[in-house]
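Me: I've got a structure open and want to talk through the charged pairs and a loop residue. Can you take a look with me?

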Amino acid sequence: YFLETVGSYGDTSCVACPLGFVQNVTGEAFCLPCTPGSYNDQVGMALCLNCAVGRSSLFLARTMECTVCSKGLYQNENGATTCLNCIPGKYQDQPEANNCTRCPVARASSTTARKTECDSCTKGRYQSTAGGTDCLDCLPGQKLAKTGGTGCTLCKRNTIARGAKSKKCTKCDIGSYTIEEGAAACINCGAGRYGEGCQECPEGW
């Protein structure tokens, strides 16, 4: 309560603090406004209420519950003046959240304050850890034929993937081969070898 009039008598002269204002000291001539991050939705209150987690307010003398954090934002503390952006590698598709969700494996996001699930890695790219900000390219000699992959596969012997982000491996031309799996280039057959995969010439040939 407060009383700003001179010459009044009796406690019935005191006036209840209005919405958005409080007073926790007796004998005062005014009420105090609720500071940003708090509110008061009742008359005659001694203390303001802090904004709950998942909410915030920048307003002075707020008379209603604090604003809900929208999708892509969060707040994990009471009495906050603003909601926080989800950082790249995380998202939040629900309002009034107290944290963000990490992108799962095989997905990634470089967006700040993302409101939807993270993007699935395209063919030839992968992500093996949660919270990734970008998908990684398959190296030369590797392939990934599906979307949403967590790792690439080495090309089998006598097949190659020349560039990064390959979706499939291709056979070496006849008269060339690879020494091992995961090759980025085929090697021509040496003397005494021929054909597909560079087989050894048989005896007498």
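Me: Sure, start with Asp119: what is its relative accessibility, and what does that make it?
Reply: Quick caveat: this is a predicted model, where local features need pLDDT of at least 70, side-chain atom pairs count only at pLDDT 80 or more, and totals for chains, interfaces and linings use all residues. Residues are numbered from 1 along each chain as its sequence is written, and side-chain values use heavy atoms, with hydrogens and water left out. Buried means under 20% relative accessible area, exposed over 50%, and partly exposed in between (1.4 Å probe, protein chains only). Asp119 sits at 45%, so it counts as partly exposed.

Me: Which residue does Asp119 form a salt bridge with, and is that partner buried or exposed?
Reply: A salt bridge here is a side-chain nitrogen of Lys or Arg within 4 Å of a carboxyl oxygen of Asp or Glu. For Asp119, the closest N and O atoms are 2.8 Å apart, and the partner is Arg114. At 10% relative accessibility, Arg114 counts as buried.

Me: How far apart in sequence are the parts that Glu117 and Arg107 tie together?
Reply: Their side chains meet in a salt bridge at 3.6 Å, N to O. Glu117 lies in the loop between strand 11 (107-108) and strand 12 (119-120), while Arg107 is in strand 11, so the parts tied together are ten residues apart. Strands are DSSP runs of E, at least two residues, numbered from the N terminus.

Me: How many salt bridges does the rule give?
Reply: Another of them pairs Arg193 with Glu200 at 3.5 Å. The count comes to eight.

Notes. Helix = DSSP H or I, 4+ residues; strand = E, 2+ residues; numbered from the N terminus.
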